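This report describes selected features of secondary-structure packing, strand pairing and ionic contact. The structure is shown first, and the description follows.

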Amino acid sequence: MDLGRKHEWKEKGVEIGYVLGLSLILAAIIYFFASNWPGFEKWTKIALSIGLLILFYLVSYLVKFIFQRHPSLSSLFLFFGSLSFGVCVALLGQIYNSHADSYMLFVIWSIPVLLLSVISKFQPFYVASFILIHLVVYFYVFPSSGVQYVPKNYAQWVFLGIAILNGILFFIIEKNLIRSIPLQYLSLIVFHVIMLGLTVEKLFDPFNVIVSLMYIGSLGFLYRYLTQKEQNKGFLVILGLASIAFVIIKFIEFVIYTNTEWIFLFTFILPFIIVGLVIYGLRKWKVSGKGEEKHSFFRKIVVGITTAVASIIAGSSLFGISFLLINDIPFSFFAFFSIALILLAKIKSNWDSIITYTLLSTALFIGIPATFESNWGIDLLFIAGLLYIFWTFKNRTIRYIVYLSMMIVITGALFEPNEFTKEFVIGCILLINVVLYLISNSISKTAVGHILMHNSMFYGLFSFFILTFLFEDQKTIYYLTNILYFVTTTLLVLWSLRKSYSIRYRIFLAFWFAFIVYKYYDLVWSLVHKSITFLITGLFVLLIIQRFDRVPKEKISRHLLSLKATSIIAVIFLQLAILGVQVGKSESLLANGDLIKLELAPVDPRSLLQGDYLVLRYNISSLRIEEDGWNEVVRIGLIESKDGLFSYSGHYVVGKEVPADMMKKADVWITGRLKGYENIEYGIENYFVPEGTGLDLQEKVHYAYVKVAENGDAMLVELAEE
């Protein structure tokens with residue numbers, strides 16, 4: 001890495017440290033109030049919720065003066081402020097018992113984020129908008145609360161439409177109408193994920209056939225388009241992985257459709273046919289000059305797809321045929337067979353690379369699970385074969401896969417006798433990777449040494465991380481292991497940052513942060529107040545990172561708040577206005593609505609943002625309504641009985657307006673939506689409770705007090721035992 005790139009990378013590393021430190025300090029402030037949340041009055045909660053939004057925007061404003069060397073920090077905390085707006089909406093929903101993972105929460109959240117993405121063209125806003133809009137669709141079709149039966153064909157066509165829109169978005173960005181590489185990657189990935197999900201059906205289901213044909217056409221078009229021009233290689237990798245997944249899905253559907261073990265006799269021939277056709281096609285496809293260089297990566301994708309598909313089909317067929325012909329076949333047979341394939345792949349070095357890689361992949365596919373049921377001798381023999389591949393084959397991908405395979409086989413071999421404890425096994429994996437890392441240092445200038453170093457670092461830290469969760473019965477060792485891990489990863493992060501080792505810095509920082517996130521609850525949570533530990537850790541990070549901050553003043557650029565101040569401030573006021581309307585509307589309903597009492601039957605889930613809550617079912621949640629329009633708005637007439645309970649009067653109206661001649665047929669008219677199978681939702685199905693109290697509460701409460709406005713809107717006030 002040259003000096004310029006090292007300096008640029010170190011600047012990014014310093015900014016990551018600043019973001020982490022400031023985020024921890026903000027988390028300390030937020031958690032201080034969150035820990036005391038249940039004891040606050042309603043209006044205090046409302047003030048704190050809105051104050052959270054203002055806090056992030058205030059930090060964004062202050063950071064631009066305090067950290068002038070890093071203007072992107074101000075922009076990033078402006079982005080955090082837009083995210084905090086969604087949290088504010090969720091908290092107000094919790095206060096007024098609404099929005100539990102409702103799609104409307106994400107609709108409200110996405111509007112200002114989308115506006116900020118258009119105004120600022122800041123990449124995190126693009127990504128956040130994309131995610132929020134997709135959450136709107138997901139929770140609209142599959143809400144996490146309430147009882148909804150979304151018609152299957154409706155959901156299928158909705159998601160097909162979303163997939164098509166993602167494909168269109170990909171090409172909009174491709175034409176530079178929007179400039180966002182992360183968004184282009186996301187749109188392409190989501191397109192493939194949705195299309196693959198929609199093809200998982202019975203093999204000859206009409207919808208499956210339609211979508212599969214559409215997807216095959218899309219794959220062909222994308223391959224042709226992406227290979228005709230200079231493109232990011234990542235797009236072709238995604239396309240290749242999607243193609244592999246599609247073929248495997250169809251293979252599994254075909255095997256299930258035939259419903260006979262003898263089908264493996266046929267499928268065993270398929271890998272030979274696939275490999276042969278691809279080799280023939282690639283040899284016939286001759287491109288010279290610059291065209292050869294442009295198509296070389298595409299050839300690698302084709303080889304990768306062919307290898308993966310052929311090896312999976314070959315391995316599955318081999319297992320199927322073997323168990324079909326021999327009922328009690330030993331697993332050692334598959335281990336020896338895989339070793340033979342490894343030797344064959346190396347001995348026949350003049351074979352086409354597709355054949356070689358297919359043999360190796362098939363050997364791994366059948367050999368790794370076979371070693372779990374084999375003895376130590378066979379395991380060692382297979383590991384020797386893997387070491388042979390790692391050392392002699394020059395393909396980087398093969399080496400990464402083989403190293404992972406070795407870790408799996410060694411772990412399985414140590415666990416196999418059932419004599420060693422998990423602490424001993426994971427400790428051995430850690431020791432092996434430490435030794436391999438030391439070996440890699442002596443050959444670090446070679447290709448194999450470079451790959452060995454990165455793999456041993458990753459799997460060594462991964463096993464060390466696992467060790468921090470063990471030794472729970474030996475408290476002294478447990479705490480010493482955790483302290484040693486934290487100190488070690490902290491020193492490694494600082495060392496790699498000082499040396500400008502970008503890959504190692506990312507690996508070390510990922511494991512350091514993973515420890516902070518996962519172990520915080522196990523260790524510090526019960527010892528020291530959470531806000532204090534967040535604050536101390538944040539200040540510690542800022543203090544350390546400041547020592548590395550050497551950005552020259554002439555490189556300082558302007559930040560978003562300076563460039564787009566008026567528009568951004570307008571959006572911030574829009575967010576405050578939305579929160580004000582939410583509070584005002586809820587308070588108006590509480591003040592002016594009719595109080596009614598309903599019988600209920602609750603259940604106990606958890607909201608993504610708002611904590612534990614009860615999902616409530618009322619005596620009016622399931623009614624015989626002679627309408628079949630899913631999500632249709634209806635007004636249900638309620639009549640009060642002598643015991644004060646309100647129940648269905650037998651009258652309803654489709655739509656929001658109740659005719660004058662119908663008004664007198666009920667005491668109260670409440671608005672709901674038809675959700676299929678005689679289910680109706682009224683927007684009062686969520687009641688938030690302190691964490692862990694839902695199960696106890698649902699056994700006690702039998703009634704709910706609800707406020708109903710003149711237009712039929714309802715708000716849940718409280719639950720009662722009587």
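## The four-stranded sheet

In this predicted model, four strands form an open sheet in the order E5-E4-E6-E7, and their pairing is antiparallel. Strand E5 (646-654) and strand E7 (680-681) are the edge strands, each pairing on one side only.

Strand E4 (residues 633-640) is joined to E5 by six bridges in the antiparallel sense. Within this region, Glu-640 has Phe-646 in E5 as its bridge partner.

## The three-stranded sheet and helix H23

A further open sheet has three strands, ordered E1-E9-E10, again with antiparallel pairing. Its edges are strand E1 (594-599) and strand E10 (714-720), each of which pairs on one side only. From one strand to the next, the twist averages 30°.

E1 and strand E9 (residues 703-708) run antiparallel and are connected by six bridges. Leu-598 stands opposite Ala-704, a residue of E9. Helix H23 (residues 565-592) lies across E1, E9 and E10, and its direction makes an angle of about 65° with E10.

## Salt bridges

How many salt bridges does a search of the whole structure find? The search returns two. Glu-587 forms a salt bridge with Lys-42, and the closest N and O atoms of this pair are 2.7 Å apart. The pair links distant parts of the chain, with Glu-587 in helix H23 and Lys-42 in helix H2 (residues 42-66), a separation of 545 residues. Helix H23 thus has two described contacts of interest: it lies across E1, E9 and E10, and it holds Glu-587 of the salt bridge with Lys-42.

## Packing of helices H7 and H8

Two packed helices are described by the angle between their axes and the distance between the axes. For helix H7 (residues 181-198) and helix H8 (residues 206-227), the axes come within 9 Å and cross at roughly 150°. Angles over 145 degrees count as roughly antiparallel, and H7 and H8 are therefore roughly antiparallel to each other. Their crossing is left-handed.

On the H7 side, the contact is made by Leu-188, Phe-191, His-192, Met-195, Leu-196 and Leu-198. On the H8 side, Phe-207, Val-211, Met-214, Tyr-215, Ser-218, Leu-219 and Leu-222 take part. Classified by residue type, the contact of H7 with H8 comprises 11 nonpolar and two polar residues, with no charged residues.

Technical notes. Residues numbered from 1 in each chain as written. Predicted model: local features only at pLDDT ≥ 70, side-chain atom pairs only at ≥ 80, totals over all residues. Heavy atoms only, no water. Axes fitted to C-alpha atoms, helices over the stretch in contact; angles between N-to-C directions. Parallel < 35°, antiparallel > 145°, perpendicular 65-115°, else oblique. Left-handed = near helix turned anticlockwise from the far one by under 90°. Contact = heavy atoms within 4.5 Å. Nonpolar A, V, L, I, M, F, W, Y, C, P; charged D, E, K, R; others polar. Pairing = 2+ DSSP bridges. Salt bridge = Lys/Arg side-chain N within 4 Å of Asp/Glu carboxyl O.
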